[in-house]
Structure formats: structure tokens, C-alpha cells
Amino acid sequence: MGRTERPGRPVLGAVPGVGSSRLPTPDTESRIPISAMVRAIGLLSGGLDSTLACRLLKDQGVDVIAVHFSTGFCLNDHRRVIRRRKDQGKDLSHDALRAGANLDIPVEVIDISQEYFQKVLLQPKYGYGSAMNPCLDCRIFMLRKARDLMAEYDAQFVFTGEVLDQRPM
């Protein structure tokens, strides 16, 4: 059963300004770009979830700026600094930089180690506990940092590769 149009009311899902109130199809008006240069800040760890989030948004035409916050706790960063003999010859590449290069998106690595240590580890707002308090404080801290970068990069939103219901927060 087809939809009926009522005068003065477009059909649900109609695209304003296209000239009619019918839904666009691939063979008609086709697609209206999601971005008239929409830009987003993505938190990129280099793991699968954040890399896929970057890829999905880039494929939709969003200008993705990836940000990796260095907290001082990355094992590969630590190994590169101390240059242990047994690590020589191992791939100690930076996961976020490698993911950014593979996706052809810029990655800014920002050292937040001092502030992270003071605000998240020594003075966590949600206190110390046996549950997810450190994850909660860390996540809030990083999302606020990313939000603060939005104006600098003229970004419209922040995204992560968080998987819903993965952690009980």
C-alpha cells in the first residue's frame, strides 16, 4: 500500500528542498551528501573498534581527524623509550599511527601523561574502587579533552569506537 501525500505536509523521510516530497531513490535525486564538509574528532587507540569507527565515518564522507592520547602507559611506547635488547627487531610501531596511515587519515598524538596522572590516577572524581571507576574517570577525561579540540579543528562532533554493553558502566 503506497503512501498518500497531504497538502502542506511532506511524506515522512522526504528531503527538504529537493523539489518534491517523495523519497529520493538511487536512480532519482540519489544521495544528498552527509557532509558539506562535516568534520569529526575520533579517539583512535589503533585497536579494531576505534579503527572501524574511523573507517565507517570516513566512508560516509566525514572529514575524520584522529586523536590518540598518550597516557604514558602504552607498553610499546615504554619499550621504545628504554630500548631493551630483547625488544630489538620486534614490531614496536604505534598502533594508532599505523591505523591512521592505513586509513589515510591524520592522527595527532597528544601527550596527556602529566595531567592524566594527576587528575585520573591520583585524584579520580569517582574515587577508587573495585569496579569500573578508573575506566569511568579515564573515559570522561579523554572525552572532555576531545571536546576541547573541537573548536581548534572546527569539528562538529566527537566519536569513539566504544561498543555498547561491552563494559558494565
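A salt bridge is counted here when a side-chain nitrogen of Lys or Arg lies within 4 Å of a carboxyl oxygen of Asp or Glu. The model described in this report is predicted, and by this rule it contains 7 salt bridges.

## Salt bridges

Three of these pairs are set out below, with the distance from N to O and the place of each partner.

| Pair | N to O distance | Where the partners lie |
|---|---|---|
| Arg55 and Asp59 | 2.9 Å | both in helix 1 (residues 48-59) |
| Glu115 and Lys145 | 2.5 Å | helix 4 (residues 113-122) and helix 5 (residues 133-153) |
| Glu162 and Arg139 | 2.3 Å | the segment after strand 4 (157-159) and helix 5 |

Arg55 and Asp59 stand 4 residues apart in helix 1, which is about one turn of the helix, and their side chains meet at 2.9 Å, taken from N to O. Arg55 is partly exposed, with a relative accessible area of 43%, whereas Asp59 counts as exposed at 53%, because exposed means a value over 50%.

What does the salt bridge between Glu115 and Lys145 tie together? The closest N and O atoms of this pair are 2.5 Å apart. Glu115 belongs to helix 4 and Lys145 to helix 5, so the bridge ties together parts that are 30 residues apart in sequence. Both partners are partly exposed, Glu115 with a relative accessibility of 27% and Lys145 with a relative accessible area of 21%.

In the salt bridge between Glu162 and Arg139, the closest N and O atoms are 2.3 Å apart. Since Glu162 lies in the segment after strand 4 and Arg139 in helix 5, this pair ties together parts that are 23 residues apart in sequence. Glu162 is partly exposed at 39% relative accessible area, and Arg139 is partly exposed as well, at 23%. Salt bridges that share partners also join Glu115, Lys119 and Lys145 into one network.

## The buried side of helix 4

Helix 4, which holds Glu115, has Ser113, Tyr116 and Val120 as its buried residues. These three cover an arc of only 65 degrees around the axis, and therefore they lie on the same side of helix 4.

## Nonpolar cores

Tyr116 also appears in the largest nonpolar core, which has 17 residues; the members that touch the most others are Ile41, Phe69, Ile112, Tyr116, Met142 and Leu149. At least two residues of this core are supplied by each of strand 1 (39-43), strand 2 (63-70), helix 4 and helix 5, and the largest share, 7 residues, comes from helix 5.

Which residues does Met142 touch, not counting those up to four places away in sequence? With that exclusion, Met142 is in contact with Leu43, Phe69, Thr71, Ile112 and Tyr116. A second core, separate from the one just described, has 14 residues, among them Val38, Ala40, Ala53 and Cys54.

## A nonpolar patch on the surface

Nonpolar side chains are also found on the surface, where Phe73, Phe117, Leu122 and Tyr128 form a patch with about 470 Å² of accessible area together. One of these residues, Tyr128, lies in the loop between helix 4 and helix 5. Is Tyr128 buried or exposed? Tyr128 counts as exposed, because its relative accessibility is 63% and the cut-off for exposed is over 50%.

Notes:
Residues numbered from 1 in each chain as written. Predicted model: local features only at pLDDT ≥ 70, side-chain atom pairs only at ≥ 80, totals over all residues. Heavy atoms only, no water. Buried < 20%, exposed > 50% of the residue type's maximum accessible area, 1.4 Å probe, protein only. Arc of directions from axis to C-beta. Patch = residues over 30% accessible without salt bridge, like charges linked within 9 Å, V, L, I, M, F, W, Y side chains within 5 Å. Areas by Shrake-Rupley, 256 points an atom, 1.4 Å probe, with all protein chains shown as cover. Core = buried A, V, L, I, M, F, W, Y, C linked by side-chain atoms within 4.5 Å. Contact = heavy atoms within 4.5 Å.
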